[in-house]
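Got the model open? Let's take a few labels one by one and check what each of them rests on.

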Amino acid sequence: MNPLLSHLQPYPFERLRQLFAGVTPPAGYSAISLGMGEPRHPTPAFIKEALTENLGGLASYPATAGEPRLREACAAWLQRRYGIAADSATQVLPINGSREALFAFAQTVIDPTRAGATVVCPNPFYQIYEGAALLSGATPYYAPSDPGRNFAVDWDSVPHEVWQRTQLLFVCSPGNPTGAVMPLDEWKKLFALSDRYGFVIASDECYSEIYFQGEPPLGGLEAAAKLGRSDYRNLIAFTSLSKRSNVPGLRSGFVAGDAALIKAFLLYRTYHGSAMGPAVQGASVAAWNDEQHVTENRALYRKKFAQVTPLLAGVMEVALPDAGFYLWAKVPDALGMTDAEFARELLAQYNVTVLPGSYLAREAGGFNPGAQRVRMALVAQAEECAEAALRIVQFIQSRT
């Protein structure tokens with residue numbers, strides 16, 4: 001048995017299941033879950049049609065590199081969305097969802113034979129970053145988020161000796177769970193660190209198409225191009241159709257960036273058995289080529305956040321995020337309970353599920369930056385999200 005498996009920590013939803021053991025929610029309230037970040041808007045009909053229209057491809061083994069038309073559709077989307085050029089043959093690679101690829105990419109670039117191999121990631125974070133680091137033979141280092149800067153990551157707090165050992169840096173912009181978007185100056189800082197210490201940057205951008213202001217979030221490749229790094233050296237961006245197009249079950253996305261890294265990643269994936277099925281490729285081409293459904297999807301999220309955020313802001317510290325579909329709310333001090341206790345009691349009394357923030361972070365430097373926060377995923381229909389918000393308000397008011 002791989003001994004590194006013993007280093008993995010329980011996934012947040014397993015911890016949540018254990019937390020809720022023995023709780024019987026009141027029958028008078030319908031169950032509303034804001035816990036899991038699973039898109040629940042309807043999948044566009046044209047994507048379903050494209051999926052079935054390409055079922056004839058099931059008779060052939062697909063190539064790991066994907067069909068040229070898919071890579072071309074991905075490159076064309078990068079051009080439309082970010083105004084950047086990417087060679088569809090050498091700088092773009094289809095993936096089976098960003099989660100699978102984020103994990104596999106670490107196995108591609110980490111050299112565990114080098115003493116002190118380190119992977120730096122934000123804190124709070126998406127737990128795949130930690131698992132990918134541990135199973136690649138590296139040690140995770142958790143860079144804390146700063147509440148005073150809308151939970152932007154405090155990269156300056158990472159010591160020089162840690163950067164010296166770092167082989168891979170995970171960034172997430174827009175962030176999960178905080179929704180923070182990295183500005184150009186922050187990218188400039190990370191590129192300078194990458195040049196100095198030689199580490200690779202993996203930019204997780206799966207929430208890039210859900211935003212609330214006029215300007216869409218800056219992407220990593222876009223930032224590189226603006227700073228004269230058109231070869232995207234030591235940078236790979238990960239994106240996905242799951243949130244953008246409401247197809248989490250399709251398991252489709254792509255990576256783009258440094259051609260040398262793409263070449264190595266393709267070699268790894270060829271042995272890993274990661275080829276995307278032809279039907280999924282056909283549906284993906286249709287999805288990447290259409291923006292109308294993305295605009296409509298974004299409008300649904302904007303409506304929900306405009307309705308829910310003011311309700312919750314009346315009883316707890318919470319603000320509209322830069323982007324993404326999470327609210328990162330503070331448990332009121334007056335309640336005298338931890339974030340886990342808040343989540344358990346809310347379920348027990350009002351049948352609403354939220355995720356404790358401490359489950360999404362690790363204690364580092366003597367504190368857990370997710371403690372006393374809860375993550376709320378506004379993925380259900382607007383009426384259900386508004387009802388959940390009203391119950392949370394009632395819960396807090398009844399305790400204060």
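Q: What makes Asp195, Arg229, Asp231 and Arg233 a network?
A: In this predicted model, salt bridges link these four residues. Take Arg233 and Asp195: their side chains come to 3.8 Å, N to O. The cut-off is within 4 Å, so the pair counts as a salt bridge. Arg233 sits in the loop between α8 and β8 and Asp195 in helix α7, 38 residues apart, so this pair links distant parts of the chain.

Q: Why is Arg233 called partly exposed?
A: Its relative accessible area is 34%. Buried would need under 20% and exposed over 50%, so Arg233 falls in between. Asp195, at 43%, gets the partly exposed label by the same reasoning.

Q: How do you know that Glu209 and Arg81 form a salt bridge?
A: Their closest N and O atoms are 2.9 Å apart, and the rule asks for within 4 Å, so they qualify. Glu209 lies in the loop between β7 and α8 while Arg81 is in helix α3, so the pair ties together parts that are 128 residues apart in sequence.

Q: Are Glu209 and Arg81 buried or exposed?
A: Glu209 has 6% relative accessibility and Arg81 has 14%. The limit for buried is under 20%, so Glu209 is buried and so is Arg81.

Q: What makes helix α11 largely enclosed?
A: Of its 11 residues, 10 are buried, so the rest of the structure largely encloses it. Among the buried ones are Pro278, Val280, Gln281 and Trp288. The buried residues of α11 pack against α2, α3, β8, α9, β9 and α12.

Q: How do you know that both faces of β2 are covered?
A: Val92 and Pro94 on one side, and Leu93 and Ile95 on the other, are all buried. Strand β2 is also joined to β9 by four bridges, running antiparallel, with Pro94 opposite Phe254. Pairing takes at least two bridges, so four is enough.

Q: Why are β10 and β12 called edge strands?
A: The open sheet has the order β10-β13-β12, with antiparallel pairing. β10 and β12 each have a single partner strand, so one side of each is left without a neighbour in the sheet. The β10 and β13 pairing runs over five bridges, and Tyr326 stands opposite Ala377 in β13.

Q: What makes Leu5 eligible for the nonpolar surface patch?
A: Leu5 has 40% relative accessibility, and patch residues need over 30%, so Leu5 clears that cut-off. Together with Met1 and Leu8, Leu5 makes a patch of about 360 Å².

Terms used
Residues numbered from 1 in each chain as written. Predicted model: local features only at pLDDT ≥ 70, side-chain atom pairs only at ≥ 80, totals over all residues. Heavy atoms only, no water. Patch = residues over 30% accessible without salt bridge, like charges linked within 9 Å, V, L, I, M, F, W, Y side chains within 5 Å. Areas by Shrake-Rupley, 256 points an atom, 1.4 Å probe, with all protein chains shown as cover. Buried < 20%, exposed > 50% of the residue type's maximum accessible area, 1.4 Å probe, protein only. Contact = heavy atoms within 4.5 Å.
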